[in-house]
Amino acid sequence: MEQVIDIKIVIAGKGHAVHAQAIVDLIEESARVRGTGIAKRDPNYIKKKLETGHSVVALHGERLIGFCYVETYSHQRYVSNSGLIVDPDYRHHGLAKKIKRAAFDLARDLYPEARVFGITTSLPVMKINTELGYVPVTFSELTQDEEFWRGCSSCPNYEILQSKNRKMCLCTGMLAPSKVEEEAMKYDLTHQIVTAGGGSGFGRAPKHIKFRY
Ligand SMILES: CC(C)(COP(=O)(O)OP(=O)(O)OC[C@H]1O[C@@H](n2cnc3c(N)ncnc32)[C@H](O)[C@@H]1OP(=O)(O)O)[C@@H](O)C(=O)NCCC(=O)NCCS
């Protein structure tokens, strides 16, 4: 018979600070198992994220089973959802998707003008981000804030990042519009479409050139 378990996904508050160490342990253990880079987290830093309403937790009863936090860079022009983690016992049930959705909404509610970005080597994260509206971009489109890139220094691939002058690495950069940008995109702009034959012809290929696809 199918077993149903109740899971709560909430914006964390002061009462969740007790889970800081468990979160750090989960992140570190998962990084070790994957053998790939992940920025190390300080329990005090995670505690602050929990206490200040800058993170999302998933709970099964009292057990912490998932987490993700919000961080800003470049004077709040960029915001990221970092530290996404799901307890191995609870994976492959769509939990990361739900946590990330909540963290994404939280980031955009807290910082409506900031573009949301991330870097990742994780296929599940790429899938989730794509569903949320992120697109892959080169690192030049991401925050250039030193604070963010310093986070990569505990990654085993850091030398690669440095040798490429921070232009590329093994991670894929992903970017989503800010809440304000997304709202603006919802407006109907069809009256602004320039029809063929009108205007200056700017950007049109000469007639004798044909494109074949
Ligand atoms: C990555 C992680 C958060 C995914 O958690 P999860 O709850 O199992 O993910 P979900 O069930 O929500 O799956 C989301 C999508 O990824 C896919 N997916 C999940 N795990 C996968 C895996 N190991 N390989 C390939 N695809 C995977 C799912 O099929 C789903 O795709 P779909 O929408 O096409 O069905 C979890 O494996 C984890 O904590 N890993 C260690 C930490 C980590 O890698 N964090 C990301 C750092 S950038």
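Colleague: Let's start with β1 and β2. In which sense do they pair, and over how many bridges?
Modeller: Keep in mind that we're looking at a predicted model. Strand β1 covers residues 8–11, and β2 covers residues 55–60. One of the matched pairs puts V10 across from V57 of β2. The sense is antiparallel, over 4 bridges.

Colleague: Moving along, which residue of β3 is the bridge partner of V56?
Modeller: β2 also pairs with β3, a strand made of residues 63–73. That pairing is antiparallel too, with 6 bridges. The β3 partner of V56 is C68.

Colleague: Which residue in the hairpin of β2 and β3 takes a positive phi?
Modeller: The hairpin has 2 residues between its strands. With a phi near 65°, the residue you're after is G61.

Colleague: What is the order of the strands in the whole sheet, and which strands are at its edges?
Modeller: It's an open sheet of 7 strands with mixed pairing, and the order reads β1-β2-β3-β4-β5-β7-β6. An edge strand pairs on one side only, and that description fits β1 and β6 (135–137). From one strand to the next, the twist averages 25°. So for the edges, by the rule of pairing on one side only, the names are β1 and β6.

Colleague: How many bridges join β3 to β4?
Modeller: These two strands run antiparallel. One of the matches has Y69 with S82 of β4 as its bridge partner. The count of bridges is 7.

Colleague: Which helices pack on the sheet, and what angles do they make with β4?
Modeller: Helix α1, residues 20–34, packs there and touches β3 and β4, with its direction about 80° from that of β4. Helix α3 packs on the sheet as well, touching β1, β2, β3, β4 and β5 (115–120). The angle between α3 and β4 is about 155°. In short, that's α1 at about 80° and α3 at about 155°.

Colleague: Are H75 and Q76 buried or exposed?
Modeller: Both sit in the loop between β3 and β4. The cut-off for exposed is 12 or fewer C-beta neighbours within 10 Å. H75 has 9, so it counts as exposed. Q76 has 11, so Q76 also counts as exposed.

Colleague: What is the sign of phi in H75 and Q76?
Modeller: Most residues other than glycine have a negative phi. H75 isn't a glycine, yet its phi is about 55°. Q76 isn't one either, and its phi is near 65°. The sign in H75 is positive, and in Q76 it is positive.

Colleague: Which residues have the most contacts inside the largest nonpolar core?
Modeller: Nonpolar side chains tend to be buried together in soluble globular proteins. The largest nonpolar core here has 41 residues. Leaving aside neighbours within four places in sequence, I23 is in contact with I46, L64, F67 and I85. The residues with the most contacts inside the core are I23, V56, I99 and A103.

Colleague: Now the ligand: which element gives the most residues to the shell around it?
Modeller: The shell divides into 10 nonpolar, 6 polar and 3 charged residues. At least two residues come from each of β4 (78–86), α3 (95–110) and α4 (123–132). With 5 residues, the element that gives the most is α4.

Colleague: And which residues come nearest to the ligand?
Modeller: There are 19 residues around the ligand. The ones that come nearest are S30, R91, A96, K97 and P124.

Key: Residues are numbered from 1 along each chain as its sequence is written. This is a predicted model: local features need pLDDT of at least 70, side-chain atom pairs count only at pLDDT 80 or more; totals for chains, interfaces and linings use all residues. A residue is near a molecule or strand if its C-beta atom, placed from the backbone, lies within 6 Å of it. Ala, Val, Leu, Ile, Met, Phe, Trp, Tyr, Cys and Pro count as nonpolar, Asp, Glu, Lys and Arg as charged, and the others, Gly among them, as polar. A nonpolar core is a set of buried Ala, Val, Leu, Ile, Met, Phe, Trp, Tyr and Cys residues joined through C-beta atoms within 7 Å. A residue is buried if 20 or more other C-beta atoms lie within 10 Å of its own, exposed if 12 or fewer, and partly exposed in between; C-beta atoms are placed from the backbone. Two residues are in contact if their C-beta atoms, placed from the backbone, lie within 7 Å. Axes are lines fitted to C-alpha atoms, for helices over the stretch in contact, and angles run from 0 to 180 degrees between N-to-C directions.
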